[in-house]
Amino acid sequence: MNNEIKAIVELVLKSVMGQKKDKIEKIMKSISGRENGIVVYLSHGATLGEAWEIQEQIKSTGLQIPEQMGNAVIYVTK
């Protein structure tokens, strides 16, 4: 399940951040798995505006963000 969530998050990052491949890569490398989801460290490359948009797009895919620390770290689950 975590791999599926991670793949969706990666698609969202690419959609929002476009050509910032190095920053997307940093965010993807920082992801850590948890029991029912993943923790995504948006602070490793996304601007504040991008972080807001990423969160909105993640929610629009049907995934949930039950916990977050500001816009820097989000916990993503199904």
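Where is the place of Glu 35? Glu 35 sits in the loop between β1 (32–33) and β2 (37–41). The structure is a predicted model. This briefing introduces the packing of helix α1 against α2 and α3, the salt bridges, and several individual residues.

**Helix α1 against helix α2**

- Helix α1 covers residues 2–17 and helix α2 covers residues 21–30; their axes come within 10 Å and cross at roughly 155°.
- That angle makes α1 roughly antiparallel to α2, because an angle over 145 degrees counts as roughly antiparallel.
- The crossing in which α1 passes α2 is right-handed.
- On the α1 side, the residues that take part are Lys 6, Glu 10, Leu 13, Lys 14 and Met 17, and they meet Lys 23, Ile 24, Ile 27 and Met 28 on the α2 side.
- Sorted by class, this contact of α1 with α2 contains five nonpolar residues, no polar residues and four charged residues.

**Helix α1 against helix α3**

- The axes of α1 and α3 come within 9 Å, with a crossing angle of roughly 135°.
- The two helices, α1 and α3, are therefore oblique to each other.
- Here too the handedness can be stated: α1 passes α3 in a right-handed crossing.
- From α1, the contact draws on Val 9, Val 12, Leu 13, Ser 15, Val 16 and Met 17, while α3 supplies Glu 50, Glu 53, Ile 54, Gln 57 and Ile 58.
- By class, the contact of α1 with α3 comprises seven nonpolar, two polar and two charged residues.
- Leu 13 and Met 17 of α1 are among the residues that meet α2, and both are also among those that make the contact with α3.

**Salt bridges**

- Side chains of opposite charge can pair when their charged atoms come close.
- Four salt bridges are found in a search of the whole structure; the following three sections describe Glu 4 with Lys 78, Lys 20 with Glu 50, and Glu 25 with Lys 29.

**Glu 4 and Lys 78**

- Glu 4 and Lys 78 form a salt bridge in which the closest N and O atoms are 2.6 Å apart.
- Glu 4 belongs to helix α1 and Lys 78 to the segment after β4 (73–77), so this pair ties together parts that are 74 residues apart in sequence.
- Glu 4 is partly exposed, at 42% relative accessibility, and Lys 78 is also partly exposed, with a relative accessible area of 47%.

**Lys 20 and Glu 50**

- A salt bridge joins the side chains of Lys 20 and Glu 50, at 2.7 Å from N to O.
- This pair links distant parts of the chain, with Lys 20 in the loop between α1 and α2 and Glu 50 in helix α3, 30 residues apart.
- Lys 20 counts as partly exposed, at 30% relative accessibility.
- Glu 50, in helix α3 (residues 48–60), is buried because its relative accessible area is 11%, and buried means under 20%.
- Apart from its neighbours within four places in sequence, Glu 50 is in contact with Val 16, Met 17, Lys 20 and Gly 45.

**Glu 25 and Lys 29**

- The side chains of Glu 25 and Lys 29 form a salt bridge at 3.7 Å, N to O.
- Both residues lie in helix α2, and because they are four residues apart, about one helical turn separates Glu 25 from Lys 29.
- Glu 25 is partly exposed at 47% relative accessibility, whereas Lys 29 is exposed at 68%.

**Exposed residues outside the helices**

- Glu 35, in the loop between β1 and β2, counts as exposed because its relative accessible area is 72%.
- Glu 35 and Ala 7 are 28 residues apart along the chain, and their C-alpha atoms are separated by 17 Å.
- Met 69 is located in strand β3 (residues 64–69) and is exposed, at 62% relative accessibility.
- From Met 69 to Gln 57 the separation is 12 residues in sequence and 18 Å in space, C-alpha to C-alpha.
- Gln 57 is itself one of the α3 residues in the contact with α1.

Definitions and conventions:
Residues are numbered from 1 along each chain as its sequence is written. This is a predicted model: local features need pLDDT of at least 70, side-chain atom pairs count only at pLDDT 80 or more; totals for chains, interfaces and linings use all residues. Side-chain values use heavy atoms; hydrogens and water are left out. Buried means under 20% relative accessible area, exposed over 50%, partly exposed in between (1.4 Å probe, protein chains only). Contact means heavy atoms within 4.5 Å. Axes are lines fitted to C-alpha atoms, for helices over the stretch in contact, and angles run from 0 to 180 degrees between N-to-C directions. Angles under 35 degrees count as roughly parallel, over 145 as roughly antiparallel, 65 to 115 as roughly perpendicular and the rest as oblique. A crossing is left-handed if the near helix is turned anticlockwise from the far one by less than a right angle, and right-handed if clockwise. Ala, Val, Leu, Ile, Met, Phe, Trp, Tyr, Cys and Pro count as nonpolar, Asp, Glu, Lys and Arg as charged, and the others, Gly among them, as polar.
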